[in-house]
Amino acid sequence: MRLLERGNRDAVTIHARRDVPALPDLVFNAAADPARLASWLPDPYRVVGRSDDVLILRAHDGPHQVSLAADYDRLLLTWSPLAGRGCRGELRVSLAGVAGSVAELRVDDCPDEQLPSRMLEALANEVEQNLTAG
């Protein structure tokens, strides 16, 4: 599911949602751990550096620095661009059923309307293929 909202200054907020057949902690850890995030982040983004809570991402238009904040109690990951370049976002993971999760992503100021859906799809694939196998 994707929902577009237009707010002030023509900023667009995109909401996406995806069910994932894994417990919320597994899904959130795959998203919040910078090393794991580097393995599933969809094109055109690549993690090229990191330090503590800052990621350096490379995309078509060059490098971007992004500040990450992970709240493991609320299963909430937020990020914001440093130096004003890039998208802001929020990922929330919650329990759905007995052993499943719902990942909800909200992204602001992103020129790629498909990015949130692609991110959730890539995250779900990473979790299904590498964290729930066996």
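Is Arg 74 buried, partly exposed or exposed? Arg 74 is partly exposed, at a relative accessible area of 48%. The classes are buried (under 20% relative accessible area), exposed (over 50%) and partly exposed in between, with a 1.4 Å probe and protein chains only.

The model is predicted: local features need pLDDT of at least 70, side-chain atom pairs count only at pLDDT 80 or more, and totals for chains, interfaces and linings use all residues. Residues are numbered from 1 along each chain as its sequence is written, and side-chain values use heavy atoms, without hydrogens and water.

**Exercise 1. Trace the pairing of β4, β5 and β6.**

Step 1. Fix the elements. Strands (E, at least two residues) and helices (H or I, at least four) are DSSP runs, numbered from the N terminus. Strands pair if DSSP finds at least two bridges between them.

Step 2. Take β4 (residues 54-59) and β5 (residues 62-71). They run antiparallel and are joined by six bridges. Val 54 faces Ser 67 of β5. A hairpin of two residues connects β4 to β5.

Step 3. Move on to β6 (residues 76-81). β5 pairs with β6 in the antiparallel sense, over six bridges. Here Ala 70 stands opposite Leu 77. The hairpin between β5 and β6 has four residues, and Leu 75 adopts a positive phi near 50 degrees there.

**Exercise 2. Locate the centre of contacts in the largest nonpolar core.**

Step 1. Apply the criterion: buried Ala, Val, Leu, Ile, Met, Phe, Trp, Tyr and Cys residues, joined through side-chain atoms within 4.5 Å.

Step 2. Read off the result. The largest core has 34 residues, and those with the most contacts inside it are Trp 40, Leu 77, Trp 79, Leu 91 and Leu 123. Helix α3 (residues 115-131) supplies the largest share, seven residues.

Step 3. Inspect Trp 79. Neighbours within four places in sequence are set aside; its contacts (heavy atoms within 4.5 Å) then include Val 66, Leu 68, Cys 87, Leu 91, Leu 105, Val 107 and Met 119.

**Exercise 3. Work through the salt bridges, starting at Arg 74.**

Step 1. Set the cut-off: a side-chain nitrogen of Lys or Arg within 4 Å of a carboxyl oxygen of Asp or Glu. The whole structure has eleven salt bridges.

Step 2. Pair Arg 74. Its side chain meets that of Asp 71 at 3.6 Å, N to O. Asp 71 is partly exposed, at 25% relative accessible area.

Step 3. Go to Asp 109 and Arg 88. Their closest N and O atoms are 2.7 Å apart. Asp 109 sits in the loop between β8 (100-108) and α3, and Arg 88 in strand β7 (residues 88-96), so the pair ties together parts 21 residues apart in sequence. Asp 109 is partly exposed at 32%, and Arg 88 is partly exposed at 35%.

Step 4. Add Glu 90 and Arg 106. This salt bridge spans 3.7 Å, N to O. It links Glu 90 in β7 with Arg 106 in β8, 16 residues apart. Both ends are partly exposed: Glu 90 at 21%, Arg 106 at 28%.

Step 5. Assemble the network. Shared partners join Arg 88, Glu 90, Arg 92, Arg 106, Asp 108 and Asp 109 into one network of salt bridges.
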